Amino acid sequence: MNEALQSIINYGHAGGILMIPIAACAVVIWGLYVNELVNAKFGFASQTRRSLENRLSVLAVLVAVAPLLGLLGTVVGMIDTFNAIAAFSNANSSALAQGISKALITTQAGLAAAIPGTLAYAHLSSIAEKK
């Protein structure tokens with residue numbers, strides 16, 4: 001278990017500071033989804049519909065923001081790569097690889113948060129329409 005946690009921490013460090021808001025988006029997306037599923041299953045119908053309508057817009061915003069944060073991380077990573085090229089006229093491959101890695105990791109994390117969030121949004125929207 002400790003090795004898996006260390007791997008997750010290393011992944012976050014490699015992606016840079018933008019991994020924090022991307023991870024926060026993912027946690028909130030899943031929290032909203034689970035909360036609304038529990039409300040739909042065990043809540044009162046009037047509370048469930050009102051809760052779903054209020055939270056669907058929040059979920060939609062988070063689903064839209066997560067890949068944009070990943071894209072911002074891509075830009076930051078590529079800027080780091082170009083700065084490394086400018087600093088080292090011989091194009092230090094280690095510095096280039098770090099920038100490209102940061103760019104790809106944040107893109108992957110943003111998509112990994114948004115894709116399941118899109119499915120959660122679709123599922124909750126169908127539940128709201130039935131209520």
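Buried residues account for 31% of the 131 residues in this protein, going by a model that is predicted. The fold itself is quick to describe: there are four helices and zero strands, and from the N terminus on the elements simply run α-α-α-α. The radius of gyration comes out at 19 Å, well over the 14 Å that the globule rule gives for 131 residues, so the protein is more spread out than a compact globule. The extents of the C-alpha trace can be set beside that value: along the principal axes, the trace spans about 65 × 30 × 15 Å. As for how the chain meets itself, 79% of the contacts with a separation of 6 or more are between residues 24 or more positions apart.

Next comes the interior. The largest nonpolar core holds 22 residues, and Leu59 and Leu124 have the most contacts inside it. Helices α2, α3 (45–87) and α4 each put in at least two residues, with α4 giving the largest share, eight residues. The surroundings of Leu59 can be spelled out: leaving aside neighbours within four places in sequence, Leu59 is in contact with Ile29, Leu32, Ala120, Tyr121 and Leu124. The two residues with the most contacts inside the core, Leu59 and Leu124, are thus also in contact with each other.

Leu124 turns up again around a charged residue. Glu36 sits in helix α2, which covers residues 19–42. Is Glu36 buried or exposed? Glu36 has a relative accessible area of 1%, and because the cut-off for buried is under 20%, this residue counts as buried. Beyond its neighbours within four places in sequence, Glu36 is in contact with Ser51, Leu52, Arg55 and Leu124.

Helix α4 offers two alanines to look at. Ala113, found in α4, is buried at a relative accessible area of 4%. Not counting residues up to four places away in sequence, Ala113 touches Ile22, Ala26, Ile29 and Ala66. One of these partners, Ile29, is 84 residues away along the chain, yet the two C-alpha atoms are separated by 7.9 Å. Ile29 is also one of the residues in contact with Leu59.

Further along the chain, Ala128 lies in α4 too, and at 8% relative accessibility this alanine counts as buried. Apart from residues up to four places away in sequence, Ala128 touches Arg49, Leu52 and Leu56. Leu52 is on the contact list of Glu36 as well. The C-alpha atoms of Ala128 and Lys41 are separated by 12 Å, with their positions 87 residues apart along the chain.

That leaves helix α1. At what angle do the axes of α1 and α4 cross? The axes of α1 (residues 2–15) and α4 (residues 93–130) come within 8 Å and cross at roughly 115°, which means that α1 is roughly perpendicular to α4. On the α1 side the contact is made by Tyr11, Ala14 and Gly15, and on the α4 side by Lys102, Ile105, Thr106, Gln108 and Ala109. Sorted by class, this contact of α1 with α4 has four nonpolar, three polar and one charged residues.

Notes
Residues are numbered from 1 along each chain as its sequence is written. This is a predicted model: local features need pLDDT of at least 70, side-chain atom pairs count only at pLDDT 80 or more; totals for chains, interfaces and linings use all residues. Side-chain values use heavy atoms; hydrogens and water are left out. Buried means under 20% relative accessible area, exposed over 50%, partly exposed in between (1.4 Å probe, protein chains only). Contact means heavy atoms within 4.5 Å. Axes are lines fitted to C-alpha atoms, for helices over the stretch in contact, and angles run from 0 to 180 degrees between N-to-C directions. Angles under 35 degrees count as roughly parallel, over 145 as roughly antiparallel, 65 to 115 as roughly perpendicular and the rest as oblique. Ala, Val, Leu, Ile, Met, Phe, Trp, Tyr, Cys and Pro count as nonpolar, Asp, Glu, Lys and Arg as charged, and the others, Gly among them, as polar. A nonpolar core is a set of buried Ala, Val, Leu, Ile, Met, Phe, Trp, Tyr and Cys residues joined through side-chain atoms within 4.5 Å. The radius of gyration is taken over C-alpha atoms; the globule rule is 2.2 Å times the number of residues to the power 0.38.
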